[in-house]
Amino acid sequence: MKFNYFVELDAKALLQQYLPLNPDGKGVLEGSLLFNTAASFTSNTNLQHYSGEVSLSYFSQLFALMWLQFISAGTGIAALAALARGLRGDTQIGNFYADFLRASFLVLLPLATVAAALLVWLGIPMTFHGAAVAETLESATQTIARGPVAAFLAIKQLGTNGGGWFGPNATHPFENPNFWTNIVECLCILLVPMGSVWMFGRITGRMKHAAVVFVVMGALLLTKMTVALGFEMEQTAAFTGQPVTDAGVNLEGKELRFGASAGPLWAVATTCTSNGSVNCMHDSLNPPTGLMPLIGMWLNVAYGGVGVGFINIFLYIIVGVFIAGMMVGRTPEYLAHKVETKEMTLALLALMAHPLFILGGAALFAATPWGAGTLNNPGSHGFSEILYEFSSSAANNGSGFEGLGDNTVPWNIATGLVMLLARFIPIILPLAIAGSLASKKPVPENIGTFHTDTPLFGVVLLGSVTLLGALLFLPAAVLGPIAEHLGSL
Amino acid sequence: MNDSFRVEPAAELKLARRHSRRANLFERDLVMSATKSALLMLNPLKMLRNPVMFVTEVGALLTTLVTAQAIVTGQAVWGYFLAVTVILWLTVLFANFAEALAEARGKAQTATLRRTRQHTVARRLRDQRIEEVPSEVLKEGDVVIVRAGELIPNDGEVIAGAATVDESAITGESAPVIREAGGDRSGVTGGTRVLSDEIHVRISAGAGESFLDRMIALVEGAVRQKTPNELALTVTLAGLTFAFLLVTVSLYPIGLYFDVELDVPTLIALLVCLIPTTIGALLAAIGLAGMDRALATNVLAKSGKAVELAGDIDTLLLDKTGTITVGNRQATACHPLPGVDQPVLLKAALLASYGDETPEGRSIVTLVQQQLGAAAPPEPVGAAMLAFSAQTRLSGLDTPEGQKYRTGASDAIRKFVAEQGGVPPATLQAAVDGVARQGSTPVVVAEDQRVLGVIALSDVLKVGISDRLARLRAMGLRIVMVTGDNPLTAEAISREAGVDDFIAEATPVDKLAYIRAEQRKGRLIAMMGDGTNDAPALAQADIGVAMNSGTQAAKEAGNMVDLDSDPTKLIEVIEIGKQLLITRGALTTFSIANDVAKYFAIVPAMFMLAMPQLAALNIMGLTSPQSAILSALVFNAIIIPLLIPIALRGVHYRPAGADKLLQKNLLIYGVGGIIAPFAGIKLIDITITLLGFA
């Protein structure tokens with residue numbers, strides 16, 4: 001089914017010059033860029049190697065991209081509903097189309113309508129007129145891109161999509177004009193992913209378990225925000241010893257209308273949730289601050305993408321339950337279902353996919369001119385740029401570290417492939433686990449059973465996420481941001 | 001019933017045996033034979049069963065090749081390469097040693113059992129003639145005759161006769177037991193000795209094929225199949241190994257980007273440190289040790305799966321008699337009828353019971369003598385005794401003076417009184433009902449035509465059983481008492497003992513139905529049985545422990561056999577199952593938690609030359625990059641033999657709820673697993689530095 005959307009998007013974008021709502025006469029995209037863009041939106045990644053306002057017509061933006069932003073978010077919610085029903089013990093995990101329509105029309109559309117109205121009121125453009133042409137004071141002609149931006153933005157944020165109307169995303173004054181739009185958009189990022197956790201609790205009837213998971217996710221998010229904010233309150237290493245006074249904070253790559261703190265907060269929120277919209281230049285963040293978005297994408301569970309955030313942490317739950325569950329002296333159980341060989345096989349396969357794409361991709365591109373030749377910075381920072389691009393693709397995030405000439409054929413194909421594989425493997429395998437668990441007779445729970453609704457389980461889950469995540473990505477983190485930071489001391 | 005009386009000394013004996021076993025974990029002979037097999041197990045094809053150690057061995061092979069090349073070409077780093085190679089091979093050998101030691105211990109434990117499988121001459125009965133044949137040619141269905149003083153040639157069932165048999169060879173219990181045709185004590189084991197009489201035994205399995213032989217092979221590790229949880233853990237460890245392989249392999253090209261060409265031994269050192277070698281090395285040993293611990297309590301499991309499953313049991317069916325209560329009911333109270341003095345009743349009861357040799361009768365004598373003290377009348381000389389029998393259901397004594405004292409069931413006494421020309425008082429029924437309501441058996445006492453009162457016979461709980469059951473319930477188990485008593489009696493005892501449910505007036509069919517009903521609710525059931533009519537329930541239960549004294553049918557139906565025929569053994573079996581799983585979980589957690597410190601040792605060391613700033617991550621202050629890598633690798637190797645005692649004995653286990661267990665083990669093996677290697681690696685680094693190798 002997803003494949004259909006992929007083809008459909010390709011077709012729409014390929015034919016955009018012949019389709020309506022193209023007031024500025026945008027032409028056809030280069031082949032590998034088209035593949036990348038289609039993969040990007042189909043997989044809810046919204047990695048932008050293109051610039052929307054430059055390359056795409058309003059029709060392509062609205063009916064190809066915005067359409068997919070609804071669909072990919074709705075798919076995430078429907079997938080979580082299926083997972084939850086399986087774990088509840090239902091033999092039928094529900095009708096995908098019914099769930100998908102419910103998610104789209106009853107959740108996303110109303111929320112997006114409210115959010116869009118709010119954004120219009122706060123000053124974001126909403127028009128079908130073509131770009132405005134203005135004559136500047138120097139009598140030069142300036143083309144100012146615009147369009148139905150507010151509607152696009154609402155679902156971009158709510159659906160953890162992140163692909164902006166404009167290339168510069170939420171740094172663009174029409175996408176994110178002021179302090180208030182920044183707050184509304186930032187909250188929109190977290191809203192649905194947070195709600196997804198409670199939805200899981202509701203469907204399975206285990207609100208306490210959901211609450212523990214919610215708190216663990218929140219703890220991860222807050223830790224990353226605190227660290228990011230803390231390190232961004234120092235000026236950039238390049239300014240050390242220079243006769244520059246910039247109030248002692250890092251303002252490089254920031255929109256001055258937001259100041260130094262809105263950038264790192266947004267950067268963490270957007271990467272923890274698989275959103276990927278940006279309101280500052282991640283490349284310019286101080287190295288330890290820049291590490292936080294990377295961690296966000298490596299773990300991909302601090303609320304995570306719409307629906308899929310919980311599906312991601314489900315894998316860590318299964319591994320945590322399996323290992324810690326043995327320590328209570330019973331065959332490990334999750335929500336009254338025994339966790340055995342089949343579930344562990346699938347869980348490990350799903351967990352391995354992430355480091356395979358990120359470390360494999362980064363290793364390949366770092367050692368070859370494909371990546372090394374597109375860098376603007378040498379050494380650790382350059383490595384971070386490559387690492388970030390693959391992390392963003394594999395986490396279906398879509399934010400860019402930038403500083404990378406990434407609109408090349410190898411980049412477009414590699415990240416496109418990673419985006420597609422990384423979207424569907426981590427949904428299909430967990431659903432297969434849930435299906436396998438659901439087929440087992442539930443085990444009655446008693447005080448000898450491993451409990452998943454206690455603070456102790458929170459500790460187990462936190463350990464599972466941080467130990468597995470940290471162990472797999474620590475060397476990469478050390479060679480990238482940490483080495484850069486230590487080198488600047 | 002008789003078995004229950006010899007449980008307590010047997011338990012002490014076994015405890016002593018177990019202690020002695022624990023004292024010499026690394027007994028010299030065992031260590032020698034384990035070392036030898038550890039070397040033989042290096043065959044890579046054999047290592048394939050264990051993905052973690054297989055990868056380690058392949059790594060060791062690669063490093064050996066690179067080292068050889070370095071030595072030949074005269075590279076300066078050959079010394080460091082050689083050190084890495086040696087430690088890697090030691091890691092593999094330690095893992096093999098752990099498994100081999102567990103196997104050797106299993107063999108040592110089964111040695112006494114195997115001695116019973118000796119060759120003897122059997123007298124086979126064929127076509128009404130007796131022929132002498134060697135025991136190994138006996139086949140299933142052959143009938144042999146065994147006389148006093150002879151060894152029973154093979155496992156079988158007594159089909160004619162009865163004999164006392166010395167089973168100490170398999171149970172360690174010196175008191176002889178009775179084995180007889182028919183009934184539930186017909187099973188005999190090869191290698192045990194007939195002490196008296198003569199029995200005809202139908203052989204149930206040929207030489208080397210009996211269930212005992214199969215179980216011995218299992219405990220010794222000859223037939224090994226991974227249990228479900230072991231398989232799931234192996235898959236998990238394989239997955240983690242692959243993930244770390246990915247991390248390590250990706251570091252080589254990433255290193256190239258930083259103009260660092262990482263050498264193969266260093267990369268393999270990192271890989272081996274990261275993959276869960278600790279649990280990978282000990283996993284097989286833990287499983288074998290579980291079987292071994294079961295055997296230490298004289299329980300033979302038919303598969304490793306059964307031992308593992310024991311930890312999952314939700315419901316425990318326990319027979320009342322012999323498990324919860326001592327074998328027989330005992331007199332606990334005397335209730336005189338209105339108008340009768342207590343001493344009159346007591347004296348009559350005592351006199352009537354002198355002729356009663358049943359345990360119940362003796363308990364009345366004991367009780368009354370206690371209450372009367374010196375006033376107790378002695379046994380009259382020349383009195384006629386009337387023994388208790390199932391037909392008359394009363395016992396008594398006729399004095400030479402012609403007085404008749406009787407005790408017995410209510411209706412039997414009524415009949416007796418009527419025969420004597422008396423009329424039972426109306427108050428009798430109320431007294432009898434009152435006693436029955438409390439779950440006791442009423443015994444009515446009469447002197448000639450006069451009914452004096454009622455004595456209550458009650459079940460007496462075994463010493464300490466309430467605490468034991470409470471512990472089991474704290475672990476989340478449901479305890480169900482099975483008894484032939486009426487529901488009233490059953491309820492009273494179940495309340496007193498603290499069980500969750502009971503099956504009263506239980507027939508084998510009731511038991512089977514109860515087990516099925518529980519299983520439909522998703523519960524796993526364990527039970528113990530001995531009779532042929534227990535066989536269907538034993539087969540249906542998830543864990544069926546058959547008593548060795550029981551029939552062949554029962555032993556074939558169960559998935560464990562208790563050589564001691566001790567009904568409380570189920571409890572120990574469950575604890576062993578839980579301890580097995582906890583040990584696996586704890587060592588896995590420890591193994592993974594160890595990685596944090598190893599990263600801090602190795603990753604800075606790998607890149608320190610190209611990026612001097614990474615020295616800041618050397619928080620342990622290790623002397624040099626090479627000593628850091630070697631220290632981590634040495635720690636990784638040496639932790640395996642250090643943890644062998646935990647793997648073989650199991651982690652310390654006290655029954656408790658899941659949350660308590662998890663909290664304790666997380667603290668010890670999780671937090672401890674993070675901290676311990678920091679100290680260990682630093683210590684090893686100091687040693688290496690002092691020795692001048694850094």
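Two strands pair if DSSP finds at least two bridges between them. This definition will be of use at the sheets visited below, in a model that is predicted.

**Chain B as a whole**

Begin by selecting chain B, in which there are 24 helices and 22 strands. The radius of gyration of this chain is 34 Å, well over the 26 Å that the globule rule gives for 694 residues, so chain B is more spread out than a compact globule. Along the principal axes, its C-alpha atoms fill a box of roughly 115 × 65 × 50 Å.

**The antiparallel sheet**

Next, select the strands S12, S17, S16, S15, S14 and S13 of chain B, which in that order form an open sheet of six strands with antiparallel pairing. The edges are strand S12 (330–336) and strand S13 (384–386) of chain B, each of which pairs on one side only. On average, and with direction ignored, neighbouring strands here are turned by 20 degrees against each other.

Within this sheet, isolate strand S16 (residues 441–447) and strand S17 (residues 450–458) of chain B. Seven bridges hold the pairing of S16 and S17 of chain B, in the antiparallel sense. Which residue of S17(B) stands opposite B:Val444? The residue to highlight is B:Val454.

Now add helix H14 (residues 410–419) of chain B, which packs on the sheet. H14 touches strand S14 (394–398), strand S15 (404–408), S16 and S17 of chain B, and its direction makes about 15 degrees with that of S16(B). Helix H15 (residues 427–437) of chain B can be shown as well: H15 lies across S12, S16 and S17 of chain B and runs at about 5 degrees to S17(B).

**The mixed sheet**

Turn then to a second selection in chain B. The strands S10, S22, S21, S20, S11, S18 and S19 of chain B, in that order, make an open sheet of seven strands with mixed pairing. Strand S10 (299–301) and strand S19 (501–503) of chain B are the edge strands, each pairing on one side only. In this sheet, neighbouring strands are turned by 20 degrees against each other on average, direction ignored.

Inside the sheet, select strand S11 (residues 315–319) and strand S18 (residues 478–482) of chain B, which run parallel and are joined by five bridges. One position to label is B:Leu317, whose bridge partner in S18(B) is B:Val480.

**Three helix pairs in chain B**

For the first pair, select helix H21 (residues 569–593) and helix H24 (residues 658–690) of chain B. Their axes come within 7 Å and cross at roughly 30 degrees. H21(B) and H24(B) are therefore roughly parallel to each other, as angles under 35 degrees count as roughly parallel. The crossing of H21(B) and H24(B) is right-handed. To see the contact, show B:Ile582, B:Ala586, B:Thr589, B:Phe590 and B:Ala593 in H21(B), which meet B:Leu661, B:Asn665, B:Tyr669, B:Gly670, B:Gly673 and B:Ile674 in H24(B). By class, these residues comprise seven nonpolar, four polar and no charged.

For the second pair, select helix H9 (residues 264–274) and helix H22 (residues 595–607) of chain B, whose axes lie 10 Å apart and which pack at an angle of about 170 degrees. That angle makes H9(B) roughly antiparallel to H22(B), and the crossing of these two helices is left-handed. H9(B) contributes B:Thr266, B:Ala269, B:Leu270, B:Cys273 and B:Leu274 to the contact, while H22(B) contributes B:Asp595, B:Lys598, B:Ile602 and B:Met606. Six nonpolar, one polar and two charged residues take part in the contact of H9(B) with H22(B).

The third pair is helix H4 (residues 51–72) and helix H8 (residues 228–257) of chain B, with axes that come within 8 Å and cross at roughly 35 degrees. Here B:Pro51, B:Val52 and B:Val55 of H4(B) make the contact with B:Thr234, B:Leu237, B:Ala238, B:Thr241 and B:Leu245 of H8(B). The classes in the contact of H4(B) with H8(B) are six nonpolar, two polar and no charged.

**Where chain A touches chain B**

Finally, display both chains: 51 residues of chain A are in contact with 55 residues of chain B. On the side of chain A that touches chain B, helix H11 (308–326), helix H12 (341–367) and helix H16 (455–488) of chain A each supply at least two residues. Which helix gives the most to that side of chain A? The helix to select is H12(A), with 14 residues. Colouring that side of chain A by class shows 35 nonpolar, 13 polar and three charged residues.

Note on methods: Residues numbered from 1 in each chain as written. Chains lettered and ligands numbered in written order. Predicted model: local features only at pLDDT ≥ 70, side-chain atom pairs only at ≥ 80, totals over all residues. Axes fitted to C-alpha atoms, helices over the stretch in contact; angles between N-to-C directions. Helix = DSSP H or I, 4+ residues; strand = E, 2+ residues; numbered from the N terminus. Parallel < 35°, antiparallel > 145°, perpendicular 65-115°, else oblique. Left-handed = near helix turned anticlockwise from the far one by under 90°. Contact = placed C-beta atoms within 7 Å. Nonpolar A, V, L, I, M, F, W, Y, C, P; charged D, E, K, R; others polar. Rg over C-alpha atoms; globule rule 2.2 N^0.38 Å.
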